[in-house]
Amino acid sequence: MVDHAYLIPLLPFCAAIIIFFFGRWLPVKGAVLGILAVLISFGMSADILMQVLDGTLKLPQVIRYPWFDVGLFQFEWGVLLDGPSVMLMTAISGISSLIQIYAVGYMHDAPRFKRFFAYLSLFTAAMLALVLANNYLQFFIGWEIMGACSYFLISFEFERDAAGRAGNKAFLTTRLGDLGFYAGLLTIFFVIGTFDFAQIQNHIRDGNVSPHIAMIIGLLLFCGTIGKSAQVPLHVWLPDAMEGPTPVSALIHAATMVAAGVFLVARSYDSF
């Protein structure tokens, strides 16, 4: 199962693409496909968690796939299975499956029903990709896709002015925090020359990064947490996020977006 862990975010992502383009011809306009994909992801996550708990799977486990080269630098798309990622991917896929099942009844007569479930699946896929990332570049891609989906979902009922304003507020406010996050990534690459979590930790523990640079990196990365987890002064978007449909509020508050900021701190523990 570990060798196929990449399917955990890939299945909801493929479901989102299929629902978006072909949902009108699928059962319940694609909702069944989205629910099935996230349930399979939950089953795979739970299986890995049980293997960890009964001692048959030792952590951490890293699976690496070549991605692209830029000059002397090689970038990878990888899967990192450790304690935080295994626990959180199980929670995300489990909670998201329940939310999507609930949303079928809640949104049954809503306009753009198909698009709603495509956004939910893409949101879930982005968070799972973020959690399983073994490097900051992959982490940041999942982070930004999730931010875009939050805008689409919070302002889903854009016929209401309040919903449109809430979506814009959430998107612009979290982007302010993401500017700091992006600056932190550039600093990491300029100083250390890699985005890989393990290599960055080794450089910091070996003393190859000065305390002042580590402090700057930590503060810049924490800007992303301030935005995503709605901390002062970038907390203002979170109350307005309730303008989205109830399943969206449940997904943002319970399973994904707010938890992503906390997970960023956990992944950047050595810098802090």
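Eleven is the number to start with: the structure, a predicted model, holds 11 salt bridges. Let's walk through three of these pairs and then turn to the empty spaces and the surface.

## Charged pairs

Side chains of opposite charge can pair when their charged atoms come close.

Take R112 and E159, whose side chains meet in a salt bridge with an N to O distance of 2.9 Å. This pair links distant parts of the chain, with R112 in the loop between α3 (83-106) and α4 and E159 in the loop between α5 and α6 (161-192), 47 residues apart. R112 counts as partly exposed because its relative accessibility is 22%.

Another bridge joins E243 and R160, where the closest N and O atoms are 2.8 Å apart. E243 sits in the loop between α9 (237-240) and α10 (246-255), while R160 belongs to the loop between α5 and α6, so the pair ties together parts that are 83 residues apart in sequence. Both partners are partly exposed: E243 has a relative accessibility of 28%, and R160 has 34%.

Where do D178 and K228 lie in the chain? D178 is in helix α6 and K228 in helix α8 (residues 211-228), 50 residues apart, so to speak of distant parts of the chain being linked is fair here too. The closest N and O atoms of D178 and K228 are 3.9 Å apart. D178 is buried, with a relative accessible area of 3%, and K228 counts as buried at 0% relative accessibility. Salt bridges that share partners also join E144, R175, D178 and K228 into one network.

## Pockets and a cavity

Rolling a probe the size of a water molecule over the atoms shows where empty space is left. The table sets out three such spaces.

| Space | Volume | Lining by residue type |
|---|---|---|
| Largest pocket | about 340 Å³ | 14 nonpolar, 3 polar, no charged |
| Second largest pocket | about 210 Å³ | 6 nonpolar, 5 polar, 3 charged |
| Largest cavity | about 40 Å³ | 4 nonpolar, 3 polar, 2 charged |

The largest pocket is lined by 17 residues, and P9, L10, F13, W77 and A129 lie nearest its centre. Two or more lining residues come from each of α1 (7-22), β2 (73-81), α4 (113-132) and α5 (136-154). Of the elements, α4 gives the most to this lining, with 5 residues.

Which residues lie nearest the centre of the second largest pocket? They are Q74, F75, E76, T194 and D196, out of 14 lining residues. The elements that give two or more residues here are β1 (61-70) and β2, and β2 supplies the largest share, 4 residues.

As for enclosed space, a search of the whole structure finds 1 cavity of 30 Å³ or more. Its walls are made by Y136, F197, I200, Q201, I204, R267, S268, D270 and S271. Helix α7 (residues 197-205) contributes the largest share of that lining, 4 residues.

## A nonpolar patch on the surface

Finally, a look at the outside. Y6, L10, F13, I17, I18, F20, F21, F22 and W25 form a nonpolar patch on the surface, and together they have about 900 Å² of accessible area. L10 is a good residue to click on: it is in helix α1 and counts as partly exposed because its relative accessibility is 35%. L10 and F13 belong to this patch, and they are also among the residues nearest the centre of the largest pocket.

Note on methods. Residues are numbered from 1 along each chain as its sequence is written. This is a predicted model: local features need pLDDT of at least 70, side-chain atom pairs count only at pLDDT 80 or more; totals for chains, interfaces and linings use all residues. Side-chain values use heavy atoms; hydrogens and water are left out. On a 1 Å grid over the protein atoms alone, a cavity is a set of points where a 1.4 Å probe fits but cannot get out, and a pocket is an open set with protein on both sides within 12 Å along at least five of seven lines; lining residues have an atom within 4 Å of a point. Grid points are joined across faces, edges and corners, and a volume is the space filled by probe spheres set on the points. Ala, Val, Leu, Ile, Met, Phe, Trp, Tyr, Cys and Pro count as nonpolar, Asp, Glu, Lys and Arg as charged, and the others, Gly among them, as polar. Patches are made of residues with over 30% relative accessible area and no salt bridge: like charges are joined within 9 Å, nonpolar side chains (Val, Leu, Ile, Met, Phe, Trp, Tyr) within 5 Å. Accessible areas come from the Shrake-Rupley method with a 1.4 Å probe; for residues, only the protein chains shown count as cover. A salt bridge is a side-chain nitrogen of Lys or Arg within 4 Å of a carboxyl oxygen of Asp or Glu. Buried means under 20% relative accessible area, exposed over 50%, partly exposed in between (1.4 Å probe, protein chains only).
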